[in-house]
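Me: I am new to reading protein models and would like to go through one with care. Please take the features one at a time, giving me the general idea and then the case at hand.

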Amino acid sequence: MPSPEPTVSSNLAEQLVRLTRRMHRAQKRHMAHLDIAFTPAQSRVLRIVDHCRDTPPRMADLAQRLEVVPRAVTTLVDALEANGAVRRVPDPANRRVVRIELTDTGRSTLRTLRSARRAAAEEILAPLTADQREVLGGLLSTLVDGPGDPH
């Protein structure tokens, strides 16, 4: 019996997965010559910590944002700390609470990672005109933000 015709949604889903993979491969290529060995999860921790720079996050905050168990965050932070990208600091209001902040090395690494991501995006978006990029940006914003989503 022949398989049913794929729906538009399933085709779009497959295209999104393929595009995500292509983006990751392109970013990895751009990072290859930089001698930076950070996993996507570690990169995400750096971005979250940077985003929270006014009040450095606790391990529990990171676990919640990453939607993982706290033990997984400990492993990520341990590796980032070993690379000199973050440091654990006591909370000034409650010395039993440990917060995570970026080091100068972490900020520099984050800038490099962002640069590699932008270069990868430029590579992928190169075939599109300025108008097509603007339309795509609007569509992606709608999908990322969702209707009425506060994030």
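**Packing around a helix**

Reply: Let us begin with helix 3, whose buried residues pack against helix 2 (40-51), helix 4 (70-82), strand 1 (86-90) and strand 2 (98-102). Packing is read here through contact, which means heavy atoms within 4.5 Å. Please keep in mind that this is a predicted model, in which local features need pLDDT of at least 70 and side-chain atom pairs count only at pLDDT 80 or more, while totals for chains, interfaces and linings use all residues. Residues are numbered from 1 along each chain as its sequence is written, and side-chain values use heavy atoms, with hydrogens and water left out.

Me: Which are the buried residues of helix 3, and where on the helix do they fall?

Reply: Buried means under 20% relative accessible area, exposed means over 50%, and partly exposed is what lies in between (1.4 Å probe, protein chains only). Within helix 3, which covers residues 59-66, the buried ones are M59, L62, A63 and L66. Looking down the helix axis, one finds these buried residues within an arc of 100°, so they line one face of helix 3; the arc is that of the directions from the helix axis to the C-beta atoms.

Me: What comes just after helix 3?

Reply: Just after helix 3 comes E67, with a positive phi of about 60°, a value that it takes although it is not a glycine. E67 belongs to the loop between helix 3 and helix 4, and it counts as exposed because its relative accessibility is 73%.

Me: How many helices and strands does the protein have, and in what order do they run?

Reply: Helices (H or I, at least four residues) and strands (E, at least two) are DSSP runs, numbered from the N terminus. The protein has 6 helices and 2 strands, and from the N terminus on they follow the order α-α-α-α-β-β-α-α.

Me: What does the radius of gyration of the protein come to?

Reply: The radius of gyration is taken over C-alpha atoms, and the globule rule is 2.2 Å times the number of residues to the power 0.38. For a compact globule of 151 residues one would expect a value near 15 Å, whereas the protein has 19 Å. The C-alpha trace spans about 60 × 35 × 35 Å along its principal axes, and 25% of the 151 residues count as buried.

Me: How far apart are the C-alpha atoms of S10 and P90, and those of A41 and V73?

Reply: Here one sets separation along the chain beside separation in space. S10, in helix 1, is 80 residues from P90 along the chain, and their C-alpha atoms are separated by 48 Å. A41, in helix 2, is 32 residues from V73, with 9.4 Å between their C-alpha atoms. Both S10, at 34% relative accessible area, and A41, at 35% relative accessibility, count as partly exposed.

Me: What is R88 in contact with?

Reply: Neighbours within four places in sequence are left aside, and R88 is then in contact with M59, T74, V77, D78, E81, V98, R99 and I100. R88 is found in strand 1 and is partly exposed, since its relative accessible area is 28%. From R88 to L125 there are 37 residues in sequence and 39 Å in space, C-alpha to C-alpha.

Me: Which residues does Q27 touch, and which ones is S43 in contact with?

Reply: Not counting residues up to four places away in sequence, Q27 touches L113, A116, R117 and A120. Q27 lies in helix 1, residues 8-32, and it counts as buried because its relative accessibility is 14%. S43, in helix 2, is likewise in contact with L113, and also with F38, again leaving aside neighbours within four places in sequence. With 8% relative accessibility, S43 counts as buried.

Me: How far along the chain do contacts reach in the protein as a whole?

Reply: If we take the contacts between residues at least 6 apart in sequence, 50% of them join residues at least 24 apart.
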